[in-house]
Amino acid sequence: MNIQSILSDKIKQAMVIAGADQSCDALVRQSGKPQFGDYQANGIMAAAKKLGLNPREFAQKVLDNLQLSDIAEKLEIAGPGFINIFLNPTWLTTEISAALSHKNLGIQATNKQTVVIDYSSPNVAKEMHVGHLRSTIIGDAVARTLEFLGHNVIRANHVGDWGTQFGMLIAYLEKMQNEHASEMELQDLEAFYREAKKHYDEDEIFAEKARNYVVKLQGGDEYCRAMWKRLVDITMQQNQHNYDRLNVTLTEKDVMGESL
């Protein structure tokens with residue numbers, strides 16, 4: 001139910017009956033102040049000017065032909081020719097009750113489409129920052145709204161799970177003789193990443209090993225792939241925990257990594 005649209009259609013019909021052109025616009029808007037009603041029709045003066053009529057007199061002709069007895073509790077002409085509309089609480093209650101009885105409040109998608117929404121997109125081995133959280137909340141709100149309207153929504157969580165950082169992490173984990181990545185927390189990976197980056201920048205031998213691990217990882221090396229998967233799993237498990245806490249609808253099946 002769109003009250004503004006309903007009022008616009010009915011007032012335009014009355015304006016045409018009163019002599020206005022078919023192209024006239026009732027210009028119905030919500031009132032800025034309660035003393036002016038719930039809605040105002042502001043298009044009367046422009047239509048009256050085209051007809052060469054007094055705006056208030058034309059407004060009265062519109063009211064004489066306006067069928068809003070069930071919708072409006074009161075109608076009044078204000079100022080130079082505005083029409084103030086006070087809604088009927090009984091009608092409003094009935095319409096709201098009817099809308100609430102429908103699964104989607106009676107709203108139907110006018111042109112059902114398949115929509116892909118790419119949002120959240122965290123990086124592996126790093127905790128989400130405010131930019132990721134903002135994208136997550138806005139993206140999920142858009143996804144929920146489009147689904148509510150009846151569209152088919154495909155959620156795409158495009159995760160940064162590929163690149164030189166994994167060579168650094170694998171090399172540093174090996175250096176620390178820690179291959180128990182599955183027991184680690186994401187906070188540990190953040191610290192490991194910082195230390196790995198420091199070694200990468202300062203130790204050429206370490207940097208060369210990291211680059212070699214990247215090549216091996218991309219070539220499908222079993223050891224590197226296993227370590228990489230552990231790092232990805234730790235990150236996404238923590239991220240999923242955050243999604244669940246935020247009541248975000250992203251799930252594991254929505255993850256689309258750069259590695260694909």
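The exercises below, each with a worked solution, concern a predicted model.

**Exercise 1. Domains**

Task: State which domains the chain is assigned, and compare the bounds of domain 1 with the UniProt record.

Solution. The domain assignment of the protein chain lists domain 1 (3-92), domain 2 (108-156) and domain 3 (164-254). Turn next to the record: an unreviewed UniProt entry gives residues 1-87 as "domain: Arginyl tRNA synthetase N-terminal". Over residues 1-87, helix makes up 38% and strand 22%, and the end C-alpha atoms are 14 Å apart. As for placement in space, 40 Å separates the C-alpha centres of domain 1 and domain 2.

**Exercise 2. Nonpolar cores**

Task: Find which elements give two or more residues to the largest nonpolar core, and which residues have the most contacts inside it.

Solution. Start with the size: the largest nonpolar core has 28 residues. The most contacts inside this core belong to Leu 7, Ile 11, Met 15, Phe 58, Val 62, Ile 83 and Ile 85. Two or more residues come from each of the helices α1 (3-17), α2 (44-51) and α3 (55-64), and from each of the strands β2 (39-41), β3 (72-78) and β4 (82-87). Helix α1 supplies the largest share, 5 residues.

Now take one of these residues and list its neighbours. With residues within four places in sequence left aside, Met 15 is in contact with Ala 20, Cys 24, Asp 25, Ala 26, Gly 43, Ile 44, Ala 47, Phe 58 and Val 62. Another core, of 25 residues, lies apart from the largest one and includes Phe 166, Tyr 172, Leu 217 and Leu 231.

**Exercise 3. Aromatic pairs and a charge over a ring**

Task: Classify the geometry of the pairs Trp 162 with Trp 228 and Tyr 172 with Phe 206, and say which parts of the chain each pair links.

Solution. The model has 3 aromatic pairs. For Trp 162 and Trp 228, the ring centres are 5.5 Å apart and the planes meet at 85 degrees. Centres must lie within 6.5 Å, and an angle over 60 degrees counts as edge-to-face, so this pair is edge-to-face. Trp 162 sits in the loop between β6 (152-156) and α6 (164-175), while Trp 228 belongs to helix α9 (residues 222-245); the pair therefore ties together parts 66 residues apart in sequence. Trp 162 has a relative accessible area of 22% and is partly exposed, whereas Trp 228, at 10%, is buried.

Apply the same steps to the next pair. Tyr 172 and Phe 206 are 6.4 Å apart, centre to centre, with 80 degrees between the planes, and are also edge-to-face. Here helix α6, holding Tyr 172, is linked to helix α8 (residues 204-218), holding Phe 206, across 34 residues. Tyr 172 and Phe 206 are both buried.

A ring can also face a charge: Lys 74 lies over the face of Phe 86, at 4.3 Å from the ring centre.

**Exercise 4. Positive phi outside glycine**

Task: For Leu 27 and Ala 125, give phi and the place in the chain, and decide whether each is buried or partly exposed.

Solution. Leu 27 is not a glycine, yet its phi is positive, about 50 degrees. Leu 27 is in the loop between α1 and β1 (28-30). Its relative accessible area is 29%, which makes Leu 27 partly exposed. Ala 125, again not a glycine, has a positive phi of about 70 degrees. The loop that holds Ala 125 runs between β5 (114-118) and α5 (130-148). At 0% relative accessibility, Ala 125 is buried.

**Exercise 5. Contacts away in sequence**

Task: List what His 132, Leu 105 and Lys 175 touch, leaving out residues up to four places away in sequence.

Solution. His 132, in helix α5, is buried at 9% relative accessibility. Its contacts are Ser 120, Ser 121, Pro 122 and Asn 123.

Leu 105 lies in the loop between α4 (89-100) and β5 and is partly exposed at 35%. Leu 105 touches Ala 99, Leu 100 and Phe 148. The C-alpha atoms of Leu 105 and Leu 149 are 9.7 Å apart, with these positions 44 residues apart along the chain as the separation.

Lys 175, in helix α6, is partly exposed, with a relative accessible area of 46%. Lys 175 is in contact with His 199 and Phe 206.

Note on methods
Residues are numbered from 1 along each chain as its sequence is written. This is a predicted model: local features need pLDDT of at least 70, side-chain atom pairs count only at pLDDT 80 or more; totals for chains, interfaces and linings use all residues. Side-chain values use heavy atoms; hydrogens and water are left out. Rings of Phe, Tyr and Trp (its six-membered ring) pair if their centres lie within 6.5 Å; planes under 30 degrees apart count as stacked, over 60 as edge-to-face and the rest as tilted. Helices (H or I, at least four residues) and strands (E, at least two) are DSSP runs, numbered from the N terminus. Buried means under 20% relative accessible area, exposed over 50%, partly exposed in between (1.4 Å probe, protein chains only). A charge sits over a ring if NZ of Lys or CZ of Arg is within 6 Å of the ring centre and within 35 degrees of the ring normal. UniProt positions are given in the numbering used here, feature names are shortened, and annotations may be inferred rather than shown by experiment. Domain bounds come from an automatic or database domain assignment. A nonpolar core is a set of buried Ala, Val, Leu, Ile, Met, Phe, Trp, Tyr and Cys residues joined through side-chain atoms within 4.5 Å. Contact means heavy atoms within 4.5 Å.
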